Structures are given as structure tokens and as C-alpha cells.
Amino acid sequence: MPQTAGTLDSQQKTTSRRPAGTLYRGNTGMWSWVLHRITGVAIFFFLLVHILDTALVRVSPEAYNAVIAQYQTPIMGLGEVALVGAIVFHAFNGLRIILIDFWNAKYQRVLFYVVIGLWVVTMLAFVPRHLINVFSH
């Protein structure tokens, strides 16, 4: 069946049409959700390791001291920067989620950029001070 120009135009319009911007369709809402889950999992694993290494003090104080000595290296200092970054983003984004749930979802994009701004300001205040302490030893 030959297609006319009119039917091609209508098919192209329907296939190229994308859903209107919802919270989770590749927009800021989806990326916020992804980052929230990644930071949550990272914080969970940090807490798991932290509990295990703290429990090590009851098993062997010498092993505990060896583990703590490993934590005082510059590499771990950089890991602490990543940890604080994850915690700060997760906390600010959690507050954003609460505001969206109880306030109005139409401001979710603006609130995401507020979260990013607060995260950048917080990290700019933390990172230089922390790295000075890490690399001064």
C-alpha cells in the first residue's frame, strides 16, 4: 500500500513524540533518584565496614590498631572526601524529597538545583580544610 506524504507526516509525529516531562523520564528527577540510591548504597556499605572494624577491637586490639593506621593514609583521606560528599548530597536530596512529597512537585527541578548548589557550597567549605589536615601529617 503506497503511503502518501500526509500519512508519513502523521506517523513521524507519533513516533517522534516524547512523553511530557515527568519526574522520572531522564530529567533532573530521575538523575536525582539515581544519585540518591547510589549515595544511599555507598553510605550503607561504609557503615557496614565501620561496624565491622570497630567490632575488631574486641577480637584483637593489635589488628584494630593496624586497621586504624591504614585509615590514616592520604588515600583514605580522599575516600573521606567522597564519603562526606555522598552523605551531604544524600541528606540535602532527602530534604528535597520530603519537600516534594508535602509541598508541590512542580518545583522539583528548582529544588534539585538548590540541592546541587548547597552541596557545592558545603563541599567547598569542607574539602580544603580536610585536605590540609590529611596532607599535613
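**Figure 1. Buried residues of helix H5 in the predicted model.** In H5, the buried residues are Gln108, Leu111, Phe112, Val115, Met123, His130 and Val134. Buried denotes a relative accessible area under 20%, exposed one over 50%, and partly exposed one in between, with a 1.4 Å probe and protein chains only. Helices (H or I, at least four residues) and strands (E, at least two) are DSSP runs, numbered from the N terminus. Helix H2 (28-59) and H4 are included in what covers the buried residues of H5. Contact requires heavy atoms within 4.5 Å. H5 has 28 residues and reaches 39 Å from its first C-alpha to its last, close to the 40 Å expected at 1.5 Å a residue. The expected span of a helix is 1.5 Å times one less than its number of residues. Residues are numbered from 1 along each chain as its sequence is written. This is a predicted model, in which local features need pLDDT of at least 70 and side-chain atom pairs count only at pLDDT 80 or more, whereas totals for chains, interfaces and linings use all residues; side-chain values use heavy atoms, with hydrogens and water left out.

**Figure 2. Helix H4 and its packing partners.** The buried residues of H4 pack against H2 and H5. Those buried residues are Gly77, Val81, Leu83, Gly85, Ala86, Val88, Phe89, Asn93, Arg96 and Ile100. The end C-alpha atoms of H4 are 42 Å apart, which agrees with the 42 Å that its 29 residues should span at 1.5 Å a residue.

**Figure 3. Threonine 28 in helix H2.** Threonine 28 belongs to helix H2 and counts as buried because its relative accessibility is 9%. Residues up to four places away in sequence being left aside, threonine 28 touches Gln108, Arg109, Phe112 and Tyr113. Of these partners, Gln108 and Phe112 are among the buried residues of H5.

**Figure 4. Histidine 36 and glycine 40 in helix H2.** Histidine 36 lies in helix H2, as does glycine 40. Histidine 36 counts as buried because its relative accessibility is 11%, whereas glycine 40 is partly exposed, with a relative accessible area of 23%. The contacts of histidine 36, not counting residues up to four places away in sequence, are with Phe89, His90, Asn93, Gly94 and Ile97. Phe89 and Asn93 are among the buried residues of H4. From C-alpha to C-alpha, histidine 36 and isoleucine 87 are 9.8 Å apart in space, with their positions 51 residues apart in sequence. Glycine 40 and alanine 91 are 51 residues apart along the chain, and their C-alpha atoms are separated by 9.7 Å.

**Figure 5. Proline 128 in helix H5.** Proline 128 is placed in helix H5. It counts as partly exposed because its relative accessibility is 43%. Valine 81 is 47 residues away from proline 128 in sequence, and the two are 10.0 Å apart in space, C-alpha to C-alpha. Val81 is one of the buried residues of H4.

**Figure 6. A nonpolar patch on the surface.** Leu99, Trp103, Tyr107, Val110, Val114 and Leu118 make a nonpolar surface patch of about 570 Å². Patches consist of residues with over 30% relative accessible area and no salt bridge; like charges are joined within 9 Å, and nonpolar side chains (Val, Leu, Ile, Met, Phe, Trp, Tyr) within 5 Å. A salt bridge is a side-chain nitrogen of Lys or Arg within 4 Å of a carboxyl oxygen of Asp or Glu. Helix H5 (residues 108-135) provides the largest share of the patch, three residues. Leucine 99 lies in helix H4 (residues 74-102) and counts as partly exposed because its relative accessibility is 40%.

**Figure 7. Spans annotated in the UniProt record.** The unreviewed UniProt entry lists residues 34-52 and 110-132 under "transmembrane region". Its positions are given in the numbering used here, feature names are shortened, and annotations may be inferred rather than shown by experiment. In the model, residues 34-52 are 100% helix and 0% strand, with end C-alpha atoms 27 Å apart. Residues 110-132 are likewise 100% helix and 0% strand, and their end C-alpha atoms lie 34 Å apart.

**Figure 8. The protein as a whole.** The protein has five helices and zero strands. Buried residues make up 18% of its 137 residues.

Technical notes
Accessible areas come from the Shrake-Rupley method with a 1.4 Å probe; for residues, only the protein chains shown count as cover.
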